[in-house]
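Me: I'm new to reading protein structures. Could you walk me through one, feature by feature?
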Amino acid sequence: MTIRTRALGDDFAAPIDDRYLEDYTAGTTYEYGHVTVDEAEIVEFARRFDPQPIHVDPQFAASGPFGGIIASGWHTGSIMMRLFADHFLSRVASLASPGVDELRWPAPVRPGGTLRLRVAVLEVRPSRSKPDRGVVSTRAELLNQDDQVVLHTLPANLLGRRTA
């Protein structure tokens, strides 16, 4: 799979390989895309990681509640993470993630779906106990070609500070 995506509007002033906690501002929103998902990719991912019939068996899926093959939610999450890592997270200051508070798939991803990422920075908080880092809390949404949200999550990321 070849992924060539780009910012779809305003982007950070600092490039991804020189981006630190101080470059993230609460209240900002960024969009990145586009990724188009085909049926072969959906089936391949599901065969390896989520082999439920609605993801791997076109005949079964056609008679199911979605009327055809849909991507695994975990596949959708992986696409979100790829866009998040390629564009939003710092390549020099991203330390880890303590986790996500929500993960929802409100609409299915179908073959031929084209997805984009929208990330809103909710909070930027320097650590009280470790002055060399802080936490960026975000709302990340993956939207399809019809502007339907197909994934939303509330991740937190630990990032190093430019100045400690």
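Me: Let's start with a hairpin. Which residue takes a positive phi in the hairpin of strand 5 and strand 6?

Reply: Good place to begin, and keep in mind that this is a predicted model. Asp 147 takes the positive phi, near 65°. Five residues sit between the two strands of that hairpin.

Me: How many bridges join strand 5 to strand 6?

Reply: Nine bridges join strand 5 (residues 133-143) to strand 6, and the two run antiparallel. To see one such pair, find Ala 140, whose bridge partner in strand 6 is Thr 153.

Me: Which strand, besides strand 5, does strand 6 pair with?

Reply: Look at strand 3 (residues 94-104), which pairs with strand 6 (residues 149-160) in the antiparallel sense over six bridges. Here Gly 99 stands opposite Ala 156 of strand 6.

Me: In what order do the strands lie in the sheet?

Reply: The order is 1-2-4-5-6-3, in an open sheet of six strands with antiparallel pairing. Strand 1 (6-7) and strand 3 are the edge strands, as each pairs on one side only. At the strand 1 end, two bridges join strand 1 to strand 2 (residues 29-36), again antiparallel. Arg 6 has Gly 33 of strand 2 as its bridge partner.

Me: Which helix lies across these strands?

Reply: That is helix 4, which lies across strands 1, 2, 3, 4, 5 and 6 and runs at about 130° to strand 5.

Me: How should I read two helices that pack together?

Reply: Two packed helices are described by the angle between their axes and the distance between the axes. In this model, helix 1 (residues 39-49) packs with helix 4 at an angle of about 110°, and their axes are 9 Å apart. Angles of 65 to 115 degrees count as roughly perpendicular, so helix 1 and helix 4 are roughly perpendicular to each other. Helix 1 makes the contact with Glu 41, Ile 42 and Phe 45, and helix 4 with Trp 74, His 75 and Ser 78. By class, that contact has three nonpolar, two polar and one charged residues.

Me: Now a pocket, please. How much space lies in the second largest pocket?

Reply: About 190 Å³. Its lining has 15 residues, and the closest to the centre are Gly 77, Met 80, Met 81, Val 100 and Thr 153. Helix 4 (73-88), strand 3 and strand 6 each give two or more residues to the lining, with helix 4 giving the most, seven residues.

Me: What classes do the lining residues of that pocket divide into?

Reply: Nine are nonpolar, six are polar and none is charged. You have also met Thr 153 before, as the bridge partner of Ala 140.

Technical notes
Residues numbered from 1 in each chain as written. Predicted model: local features only at pLDDT ≥ 70, side-chain atom pairs only at ≥ 80, totals over all residues. Heavy atoms only, no water. Pairing = 2+ DSSP bridges. Helix = DSSP H or I, 4+ residues; strand = E, 2+ residues; numbered from the N terminus. 1 Å grid on protein atoms, 1.4 Å probe; cavity = no way out; pocket = protein on both sides within 12 Å on 5 of 7 lines; lining within 4 Å. Points joined across faces, edges and corners; volume = space filled by probe spheres on them. Nonpolar A, V, L, I, M, F, W, Y, C, P; charged D, E, K, R; others polar. Contact = heavy atoms within 4.5 Å. Axes fitted to C-alpha atoms, helices over the stretch in contact; angles between N-to-C directions. Parallel < 35°, antiparallel > 145°, perpendicular 65-115°, else oblique.
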